[in-house]
Amino acid sequence: MFEKLIGNAHIKEVAERFVRGGRVPNSLLFAGDEGVGKRQFALELARTLVCTDPQDLGACGRCSACVRAGQFTFPNSEKGDDFDRVFSSGHPDVGMVIPFRRNVRIGAIRHLEKEANYSPFEARARVFIIDDAEKMADPAANALLKTLEEPPASTYIFLISSRPDSLLPTIRSRCQLLRFAPVPTHEIERYLIDSRQFITEEATLAARLARGSIGRAVSINVEQFRQRRQMLLEVVTAAVSAGGLASMLRVSEDLNTAKNKENFEENLDILESLIHDIWTLHVSKNNSRVVNSDLTLILSNLALEATHSNFPEWLADIEKLRGDLAVNVNRKVATDALFVAMAGI
């Protein structure tokens, strides 16, 4: 039924039991890290409820209803009013609410309330998916409560959240929870090779960098990643050598150019991964846990040299910088300060 979806076999088993028993809960909360497949699972379960040619009670994936249920067109708009609605897929009985910037708007939830009371147009059920549900402010969440408390028998509401603890307790208590785990690295690697035509070396690297997220793995441009990583490897090498502050500050300049500004937090991720790898090799010499596996020899040599380096403090300083971004800190000044600290000055 969910054979094409990657990872989370326990979720597949639970969902299959729901369908086989004819007892799919009217309100479900799909919770887990970004990119682990929550939305794909929700859409596949929606397909099982609208499919016109079910196979062993599961969606066939081929009929017009199955195909249309996954076809969404969302606005590319800077007007919040354009998001005050449920967006129908190609199938009139499958809809989705998405946030505008950082908020799921109350207008969209009120539209969902109205739509939820209509009988299905084509299928035996109507399904509404609320993406990034944790982005509902309290007024929007409270507007949803009544529908969650007394949903029409033919209406199903699926909430998707990477931060379920941010949802109101009253929302969580009215939904059955499906908690997703990170996808194992070897499953991501196999998927990238078989379905995305990655070569083996690039698939191995992308899978390790993904930290259990299929979505993150697919979005990684390995060539661009390596270019950016080389820049940050220069920082770590200089910090370990305790004598290359000038080169570190040149990298700080590059990280804060207009070209690299959008990738600033991703570059912090890369820097953290390099430090973690060297720390792992410094402590245990176990290269099976190294994320940047294609640099194992270089990182091992740095680990041997790093007798003075304070890796925990470096990582704590990077996390502090992340927190400072929320208050609009001057990124260039903050990056300089981080690199000065890493250089031990």
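## Exercises on a predicted model

**Exercise 1. Find which residues of helix α5 are buried, and what covers them.**

Solution. Start with the list: Ala140, Ala141, Ala143, Leu144, Leu145, Thr147 and Leu148 are the buried residues of α5. Keep in mind that this is a predicted model. "Buried" here stands for under 20% relative accessible area.

Next, look at the spacing in that list. An α-helix has 3.6 residues a turn, so residues three or four places apart point the same way. You can try this idea on Ala140, Ala143 and Thr147, which are among the buried residues.

Now turn to the cover. It includes the strands β1 (27-31), β4 (126-130) and β5 (155-161), along with the helices α4 (106-116) and α6 (169-172).

**Exercise 2. Compare the span of α5 with the expected one.**

Solution. First, note that α5 covers residues 138-149, which makes 12 residues. Then take the distance from the first C-alpha to the last, 16 Å. Finally, set this beside the 16 Å expected at 1.5 Å a residue: the two are close.

**Exercise 3. Describe the largest nonpolar core and the place of Leu299 in it.**

Solution. Begin with the count: this core holds 52 residues. Leu271, Ile275, Leu299, Phe339 and Met342 have the most contacts inside it. Its largest share, 10 residues, is given by helix α10 (residues 222-241). Another core lies apart from it, with 40 residues, including Ala65, Val94, Met96 and Phe158.

Now zoom in on Leu299. Setting aside neighbours within four places in sequence, Leu299 touches Leu233, Leu274, Asp277, Ile278, Leu281, Val290 and Asn292.

**Exercise 4. Work out what lines the largest pocket.**

Solution. Take the volume to begin with: about 630 Å³. The lining has 20 residues, and Leu209, Arg211, Arg216, Phe225 and Asp269 are the closest to the pocket's centre. Two or more lining residues come from each of α9 (214-219), α10 and α13 (264-283). Of these, α13 gives the most, nine residues. Sorted by type, the lining has six nonpolar, six polar and eight charged residues.

**Exercise 5. Do the same for the largest cavity.**

Solution. One cavity of 30 Å³ or more is counted, and the largest cavity has about 40 Å³ of space. Its lining consists of Leu232, Leu255, Phe264, Asn267, Leu268, Leu271, Leu338 and Phe339. Helices α13 and α16 (331-342) each give two or more of these residues, with the largest share, four, from α13. By type, seven are nonpolar, one is polar and none is charged.

Technical notes. Residues are numbered from 1 along each chain as its sequence is written. This is a predicted model: local features need pLDDT of at least 70, side-chain atom pairs count only at pLDDT 80 or more; totals for chains, interfaces and linings use all residues. Side-chain values use heavy atoms; hydrogens and water are left out. A nonpolar core is a set of buried Ala, Val, Leu, Ile, Met, Phe, Trp, Tyr and Cys residues joined through side-chain atoms within 4.5 Å. Buried means under 20% relative accessible area, exposed over 50%, partly exposed in between (1.4 Å probe, protein chains only). Contact means heavy atoms within 4.5 Å. On a 1 Å grid over the protein atoms alone, a cavity is a set of points where a 1.4 Å probe fits but cannot get out, and a pocket is an open set with protein on both sides within 12 Å along at least five of seven lines; lining residues have an atom within 4 Å of a point. Grid points are joined across faces, edges and corners, and a volume is the space filled by probe spheres set on the points. Ala, Val, Leu, Ile, Met, Phe, Trp, Tyr, Cys and Pro count as nonpolar, Asp, Glu, Lys and Arg as charged, and the others, Gly among them, as polar. The expected span of a helix is 1.5 Å times one less than its number of residues.
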